[in-house]
Amino acid sequence: MSLENISCQKSAGGWHKRYRHRSAVLGCDMVFAVYLPPQAEQGGKLPVLYWLSGLTCTDENFMQKAGAHKLAAELGIIIVAPDTSPRGEEVPDDANKAWDFGLGAGFYVNATEQPWARHYRMYDYVVQELPGLIEANFPVSGKRGISGHSMGGHGALICALRNPGRYQSVSAFAPISNPINCPWGEKAFSLYLGEDRSRWREWDACALLAQAEERLPILVDQGDRDDFLAGQLKPEALKAAAQAVGHPLELRLQAGYDHSYYFIASFIDDHLRHHAKALLA
C-alpha cells in the first residue's frame, strides 16, 4: 500500500509528517499523522502510541495542540494520529450535517447498517489496517499503546479491552465511558449498529470491563468543569464497572479543567510516562 507524504515539519529534534493513503477497509483516501522522534533515525525500532481524537477533530488537533512532541522525543516513542472518520465525496454524511454523527464522528466502531456499513469501519482501520501500514513503513517495534480524547477516549478503551495482548498500555482523556447510556452514543450506535441495544454492548467500555480477559491498567483524566461531564461522559460508570471486577483504573478528576486541548496539554506528559512504563520496559 503506497503512502503519499503531504507535509513534513521538524519538531523537538524529530519529524512530524502527514501521509495520505487509500484505505481498503474504509473504501476512501485517508490521512494520518506520525511523529518520529530523533531515535527513529538511529537504526533502532521504537514503540508506538496510537492517539484517537474526538468528535469533529482530525489528525491535526492532537499534533498541533497537545504539546506531546518534546517528551515523546525524550522518551523515544513514535506517535500516530489517524483521522476520526472516513472522508470523501463517496462517503455518506449525516443528512442534516450534524457535528456529532457522520464525517468526523466515526465512533471507532464497525457499522453494520446502511448506508454506513461500507465506509464506517473505523475499528478495523485503527486496530488492523493502520498498524499494518505503520509497521511496514516505519521503524517500529511490536509494542503498542493507545490513548484518546472524548470519542477517541472511548475508542482507545474499547480497542484495548477487545484485544488482549495487542496493546501494552491504555489511557484516556474525558472518554465517553458508557456510550450505550448517553445521547452521543445512543444516536451513533442506533444509526451505525441498528436498534438492537444488546449489540451495542460490545462497543461499550463499561460492559467490556466485566468480561475483559486482561487487566491492563487504565489511566483516565477528567476535568471537573467539563460541560459534557454529567450528560455524556459518565466517568462514575467507568469507575463502578472497574471496581466491580477489580480492574486497575486510576481516574483523576482535575479541578477547574474543561473539555479542551488546554486540558489535554496540561496532563499529556503524565500519560506519556504512563505509556512509557509499559512500552519501554
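Helices here are DSSP runs of H or I with at least four residues, strands are runs of E with at least two, and both are numbered from the N terminus. With that in hand, here are some exercises on this model, which is a predicted one.

**Exercise 1. Place K234 and T56 between their helices and strands, then compare their phi values and their burial.**

Step one: find K234. Look in the loop between α7 (229-233) and α8 (235-245).

Step two: check its backbone. Phi of K234 is near 55°, which is a positive value in a residue other than glycine.

Step three: ask about burial. A residue is buried when its relative accessible area is under 20%. K234 has 17%, so it counts as buried.

Step four: do the same for T56. This residue sits in the loop between β4 (46-52) and α1 (59-65), and its phi is near 75°, again positive in a non-glycine residue. Its relative accessible area is 48%, so T56 is partly exposed.

**Exercise 2. Work out which residues surround S23, and what its side chain reaches.**

Step one: locate S23. You'll find it in strand β2 (residues 14-23).

Step two: look at its accessibility. With a relative accessible area of 1%, S23 is buried.

Step three: list the neighbours. Leaving out residues up to four places away in sequence, S23 touches C28, M30, Y125 and E129.

Step four: follow the side chain. One polar contact goes to the side chain of E129, at 2.6 Å. The S23 side chain also reaches the backbone nitrogen of L26, at 3.0 Å.

**Exercise 3. Explore the loop that holds D93 and P115.**

Step one: fix the borders. P115 belongs to the loop between β5 (78-82) and α3 (122-137), and D93 is in the loop between β5 and α3 too.

Step two: look at the peptide bond before P115. Q114 and P115 are joined by a cis peptide bond, with omega at about 5°.

Step three: relate the two residues. D93 and P115 are 22 residues apart along the chain, and their C-alpha atoms are separated by 9.3 Å.

Step four: see what D93 touches. Not counting residues up to four places away, the contacts are F101, G102, L103, W116 and Y120. With L103, the D93 side chain reaches the backbone nitrogen at 3.0 Å.

**Exercise 4. Describe helix α9 from its start, through its bend, to its buried residues.**

Step one: begin at the start of α9. There, a side-chain oxygen of S260 comes to within 3.2 Å of the backbone nitrogen of Y262.

Step two: trace the helix. α9 covers residues 261-279 and bends by about 50° at F267.

Step three: pick out the buried residues. Among them are Y261, F263, I264, F267 and I268, as well as H271, H274 and H275. So where does the bend fall? It falls at F267, and F267 is one of the buried residues of α9.

**Exercise 5. Find the buried residues of α5 and what covers them.**

Step one: helix α5 runs over residues 183-193, and W184, G185, A188, F189, S190, Y192 and L193 are buried in it.

Step two: look at the cover, which includes α4 (151-162) and α7.

Step three: go just past the end of α5. G194 takes a positive phi there, of about 95°.

**Exercise 6. Contrast the largest pocket with the largest cavity.**

Rolling a probe the size of a water molecule over the atoms shows where empty space is left.

Step one: take the volumes. The largest pocket has about 180 Å³, and the largest cavity about 70 Å³. How many cavities of 30 Å³ or more does the structure hold? Just one.

Step two: read the pocket lining. It includes T56 from Exercise 1, along with W184, S260 and Y261. By class, the lining has six nonpolar, six polar and no charged residues.

Step three: read the cavity lining. A160, L161, P164, V170, A212, E213, E214, L216, I218 and H247 line it. These divide into seven nonpolar, one polar and two charged.

Step four: set the classes side by side. Charged residues are absent from the pocket lining, whereas the cavity lining has two.

Technical notes:
Residues are numbered from 1 along each chain as its sequence is written. This is a predicted model: local features need pLDDT of at least 70, side-chain atom pairs count only at pLDDT 80 or more; totals for chains, interfaces and linings use all residues. Side-chain values use heavy atoms; hydrogens and water are left out. On a 1 Å grid over the protein atoms alone, a cavity is a set of points where a 1.4 Å probe fits but cannot get out, and a pocket is an open set with protein on both sides within 12 Å along at least five of seven lines; lining residues have an atom within 4 Å of a point. Grid points are joined across faces, edges and corners, and a volume is the space filled by probe spheres set on the points. Ala, Val, Leu, Ile, Met, Phe, Trp, Tyr, Cys and Pro count as nonpolar, Asp, Glu, Lys and Arg as charged, and the others, Gly among them, as polar. The bend at a residue is the angle between axes fitted to the seven residues ending there and the seven starting there. Buried means under 20% relative accessible area, exposed over 50%, partly exposed in between (1.4 Å probe, protein chains only). A polar contact is a pair of N or O atoms within 3.5 Å; within protein, one must be able to donate a hydrogen and the other to accept it, and residues adjacent in sequence count only if both atoms are side-chain atoms. Contact means heavy atoms within 4.5 Å.
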